[in-house]
Amino acid sequence: MEIKFNQVGYCYNEQTPLQKEVLKDINIAIIEGKINGIFGKSGSGKTTLVEMINALLIPTVGHIKVDNYIIEKNKKIVNVNTLRCKVGIVFENPEDQFFNTTVKKEIEFGMKYFNYKTDKIEDRIIDALKMVGLDETFLERDPFSLSSGEKRKVAIASILTFNPKVIIFDEPTLGLDYNSKVNLIRIIKMLKNKYNKTIIITTHDVDLLHQLADYIFVLHNKKVVMEGNKNDIFSRVDELKKYDLPVPKIIEFANKVYIQKNIKMGYRDDINDLIKDIYRYVK
Amino acid sequence: MNDLIIIKDLTFCYDKEYIFSRFNLNIKENSWVTLVGPNGSGKSTLIKILLGLYKFDGYISICQKILNTENLREIRSKIGVVFENPDNCFVAETVMDEIAFSLENLEIPKKEIKKRIIEVANLLRITNILEKNPHALSGGQKQLVALASALALEPKILILDEALTKIDNQDKMRILEIIKQLHHEKKMTIVNATHDIEEAVYGDDIIVIDKGKIVLKGPKELVLKEEKIFRELGLGLPFMASLSLKLQYYNLIDKMILDMDELVNVLWK
């Protein structure tokens, strides 16, 4: 499914004293079937950018093409709910939006709201729960009594019931402990590899992107200032530093060795490969 | 060094469930303790108990004062605290008024309030947002405002309750460096409750709690050796601790080194 930004800009509270431009001149194309990372500091416009993809926000300048839809100012989108079923968003702190008394009702609510037609609602909910690693016993549980990781999984399951082609995760690891984070990474990888979903992740967690992303867009000062494959982006250490962005620890270490000892260790994804490199150079 | 926080036989129930049962812990003056544990381990509950927000059984003293209703105001004046969601605490319409709020409550003279606001704003690099509404800021900026409000009190103890969770890595490192400076220069005691184990590298000691019990406690270099326990609790290890342990396994170094520059220099002497 094509997602293409064309000269897109966004300004909050346009033509008011509180006017604030957060994005401008965005020209990017999301890579289908891959994990796309939107990387930038807090307040760089990451969330604004992704919320325009399913028309929660409408660009104040330019347009976005999403499948057959054109999202543009002053242009009504016919069947916006169909678009939102194709592009699901798992929000930052999705658990804040829970209001039902059971997990089943919580997930059902979205399907009913979007008037989703299926005669096997419960089967669909169970399938979605299974995809994120939760079983049927969760159906009658109070969503507020779940752990942070389980709540996040329920929020993802709610989105999966629509079988969206594109899933957006807005700061998905915020507030999760290590174990829940590892689980979430596994789920996102599975959604891409097994179900061929296009994934978009906004985050300032550089290590998450290092583990997950195929392709990365870097946002800085309202614009996309870098884009490329993960390896390409993270090997441009000086450029990232110029934008006050971190590099993964493993790359930071290799970079330090290069700067201080003039030894070029190359790009490493895995700590065990780094150890082999160190062993070779030190011994 | 004296024990600044003493907890003896703390017992606390929530919804008929024991969160702490005869829990004991001492935190020394001028120490930097990182309190880690999985979600639901009791970290945040312990912090709220220390702030006098929950009733408990047992004995707690903070800065040589017994934690009870009578001493609560005095104890709180010595503690600066930053929570995970600062939004819930903002009361003023500008950042400047927000920082001034708690100082005014302590009846600090206006001239002194202004001086402290300028100091913390410079320290945390937030002079450009002093006139803004705190609710209109980004997550990271809100956290900086909450930290500024806590530091303006010039507290004896700074408590961070998942306070850096929403801040991006660069700002997080910058803030931890500032806290490190305050810890050394002003002898501020730091208690940082977090599930981000990377933050533990900045402190001195680590306390690992799970299900209301202390599992590990001691200097970070010793505690982080217990890789198995960290993995069992689903906590992971900081990158530098993982790297150090593997390098020790291959006899490339002989001790835990958590500083990257130091490790590079030890490896390539």
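Which residues does Leu164(B) touch, not counting residues up to four places away in sequence? Some notes on that and a few other spots; keep in mind that this is a predicted model.

1. Leu164(B) first. Leaving out residues up to four places away in sequence, Leu164(B) touches Gln143(B), Lys172(B), Ile175(B), Thr194(B) and Glu199(B). You'll find Leu164(B) in the loop that runs between strand 7 (157–161) and helix 6 of chain B.

2. Is Leu164(B) buried or exposed? Leu164(B) counts as buried, because it has 24 C-beta neighbours inside 10 Å and the cut-off for buried is 20 or more. For a sense of distance, take Leu130(B), which sits 34 residues from Leu164(B) along the chain: the two C-alpha atoms are 20 Å apart.

3. Now the place where the chains meet. On chain B, 30 residues are in contact with 28 residues of chain A. The chain B elements giving two or more residues to this side are helix 5 (139–152), helix 6 (169–185), helix 9 (239–249) and helix 10 (260–267). Helix 9 of chain B supplies the largest share, five residues. As for chemistry, the chain B side that touches chain A splits into 13 nonpolar, 13 polar and four charged residues.

4. Over to chain A and its helix 3 (residues 103–113). Here Val103(A), Lys104(A), Glu106(A), Ile107(A) and Glu108(A) are buried, so the buried set includes charged residues as well as nonpolar ones. What do the buried residues of helix 3 of chain A pack against? Their partners are helix 4 (121–131) and helix 5 (148–160) of chain A. If you're checking backbone angles, look at Asn115(A), which follows helix 3 of chain A and has a positive phi, near 55°.

5. Helix 5 of chain A also packs with helix 6 (residues 178–193) of chain A, at an angle of about 20° and with the axes 9 Å apart. That angle is why helix 5 of chain A is described as roughly parallel to helix 6 of chain A; the label covers angles under 35 degrees. The crossing of these two chain A helices is right-handed.

6. Which residues make that helix pair meet? From helix 5 of chain A come Ser148(A), Gly149(A), Arg152(A) and Ile156(A), and they meet Asn179(A), Ser180(A), Asn183(A), Leu184(A) and Ile187(A) of helix 6 of chain A. Sorted by class, this contact has three nonpolar, five polar and one charged residues. A general reminder when you look at the spacing: an α-helix has 3.6 residues a turn, so residues three or four places apart point the same way.

How values were computed
Residues are numbered from 1 along each chain as its sequence is written. Chains are lettered from A and ligands numbered from 1 in the order in which they are written. This is a predicted model: local features need pLDDT of at least 70, side-chain atom pairs count only at pLDDT 80 or more; totals for chains, interfaces and linings use all residues. Two residues are in contact if their C-beta atoms, placed from the backbone, lie within 7 Å. Helices (H or I, at least four residues) and strands (E, at least two) are DSSP runs, numbered from the N terminus. A residue is buried if 20 or more other C-beta atoms lie within 10 Å of its own, exposed if 12 or fewer, and partly exposed in between; C-beta atoms are placed from the backbone. Axes are lines fitted to C-alpha atoms, for helices over the stretch in contact, and angles run from 0 to 180 degrees between N-to-C directions. Angles under 35 degrees count as roughly parallel, over 145 as roughly antiparallel, 65 to 115 as roughly perpendicular and the rest as oblique. A crossing is left-handed if the near helix is turned anticlockwise from the far one by less than a right angle, and right-handed if clockwise.
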